[in-house]
Amino acid sequence: MAPTQDSFPVRTVELEDGRRLAFEERGNHDGFPVFRFHGTPGSRREQFPGEEATAGLGVRLITFDRPGYGRSDPRPGRTLLDVACDAARLADALGIDAFAVTGMSGGAPFALATAWSCPDRVTAVALTCGIAPLDRPGALEGMHAPNAREFSCAAQEPERLESLLSGGSLAADLPADEVRAFGGIDGLGEALAPGLAEAARQGWAGVLADDLAFVRPWGFDLAAIAVPVSLWHGDRDSLVPFHHAEHLAARIPGAALHRCRGEGHLAMFGRQEEALASLLPQRIR
């Protein structure tokens with residue numbers, strides 16, 4: 001592992017196939033390790049919860065750029081389980097045996113894949129506004145139109161997906177109520193900016209890879225996840241409708257679903273500290 005030149009502190013690890021995986025750590029370095037899977041789009045620079053809250057919980061929070069995002073080399077055709085393998089190799093490089101995982105929105109499927117593939121290492125899972133499998137009937141019902149078009153294109157005309165993505169913008173495609181929520185959480189805009197800027201470093205490579213992975217069979221059985229899973233989801237979320245959380249909770253044994261009444265997608269940034277706290281060993285005994 002070696003530091004690289006960047007406008008933000010960043011470290012990389014070289015994997016067996018020669019790819020570089022970029023990551024950063026926050027919080028308490030001697031604390032309980034938690035791997036955070038960023039959203040779609042997103043990057044290791046997502047600052048949720050904040051440094052003070054993370055350190056105060058006694059958590060060593062590790063976030064890495066998925067292949068194609070930020071400073072991580074691309075991996076064409078990557079699957080959810082490929083990214084789970086990258087997470088396990090990063091844990092190996094850091095000398096971490098047991099760890100918890102958390103994922104928001106598009107990060108949730110990767111967190112679940114890691115829990116499934118590393119049952120002897122992952123201690124618990126916390127998801128916020130997470131995407132459920134998209135290759136099922138009704139998966140796009142109630143979803144904001146630009147999101148639904150994006151996933152439909154990924155499933156039916158993947159060769160057109162990049163041009164579709166290039167024709168929109170994140171701010172323009174957000175529903176009006178989500179934009180209002182964006183302004184309603186203190187510091188959200190300022191905190192999101194670094195993560196989104198880094199997400200776009202390689203253009204649409206990361207988003208394309210995520211979308212294609214979401215619409216294909218996930219490659220593992222949700223019912224076989226054997227660690228505690230907690231979900232937080234707003235019942236007014238139009239980007240990832242609440243039925244996604246219901247689908248996951250109904251299929252993951254013992255999953256605890258927290259319905260956040262009256263809250264939308266972006267409001268879940270305000271739930272990150274609560275989700276992170278749920279992963280501490282003393283909370284899951």
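Which backbone oxygen does the side chain of Ser 117 reach? In this predicted model, the answer is the backbone oxygen of Ala 113, at 2.9 Å. Ser 117 itself belongs to helix H3, which covers residues 108–117. The residue is partly exposed, because its relative accessible area of 33% is neither under 20% nor over 50%.

The surroundings of Ser 117 were examined next. With neighbours within four places in sequence set aside, Ser 117 is in contact with Leu 81 and Ala 84. Phe 220 was also considered. Its position along the chain is 103 residues away from Ser 117. The C-alpha atoms of Ser 117 and Phe 220 are nevertheless separated by 8.4 Å.

Charged pairs were then analysed. The model contains 23 salt bridges. One of the pairs is Arg 11 with Glu 25. Their closest N and O atoms are 2.6 Å apart. This pair links distant parts of the chain. Arg 11 lies in strand S2 (residues 11–14), and Glu 25 lies in strand S3 (residues 20–27). The two residues are 14 residues apart. Arg 11 has a relative accessible area of 32%, so the residue counts as partly exposed, a class that runs between 20% and 50%.

Arg 19 and Asp 17 form another salt bridge through their side chains. The N to O distance is 2.7 Å. The partners fall into separate accessibility classes. Arg 19 counts as buried because its relative accessibility, 9%, is under 20%. Asp 17 has a relative accessibility of 48% and therefore counts as partly exposed, since the exposed class starts over 50%.

A salt bridge also joins the side chains of Glu 24 and Arg 44, with an N to O distance of 3.9 Å. Here too, distant parts of the chain are linked. Glu 24 is in strand S3. Arg 44 is in the loop between strand S4 (32–37) and helix H1 (51–56). The separation along the chain is 20 residues. Both Glu 24 and Arg 44 are buried.

Which residues are linked with Glu 24 and Arg 44 in a network of salt bridges? The network also takes in Arg 45, Asp 65, Glu 198 and Arg 201. Strand S3 thus appears in two of the descriptions above: Glu 25 lies in this strand, and Glu 24 lies there as well.

Definitions and conventions: Residues are numbered from 1 along each chain as its sequence is written. This is a predicted model: local features need pLDDT of at least 70, side-chain atom pairs count only at pLDDT 80 or more; totals for chains, interfaces and linings use all residues. Side-chain values use heavy atoms; hydrogens and water are left out. Helices (H or I, at least four residues) and strands (E, at least two) are DSSP runs, numbered from the N terminus. Buried means under 20% relative accessible area, exposed over 50%, partly exposed in between (1.4 Å probe, protein chains only). Contact means heavy atoms within 4.5 Å. A polar contact is a pair of N or O atoms within 3.5 Å; within protein, one must be able to donate a hydrogen and the other to accept it, and residues adjacent in sequence count only if both atoms are side-chain atoms. A salt bridge is a side-chain nitrogen of Lys or Arg within 4 Å of a carboxyl oxygen of Asp or Glu.
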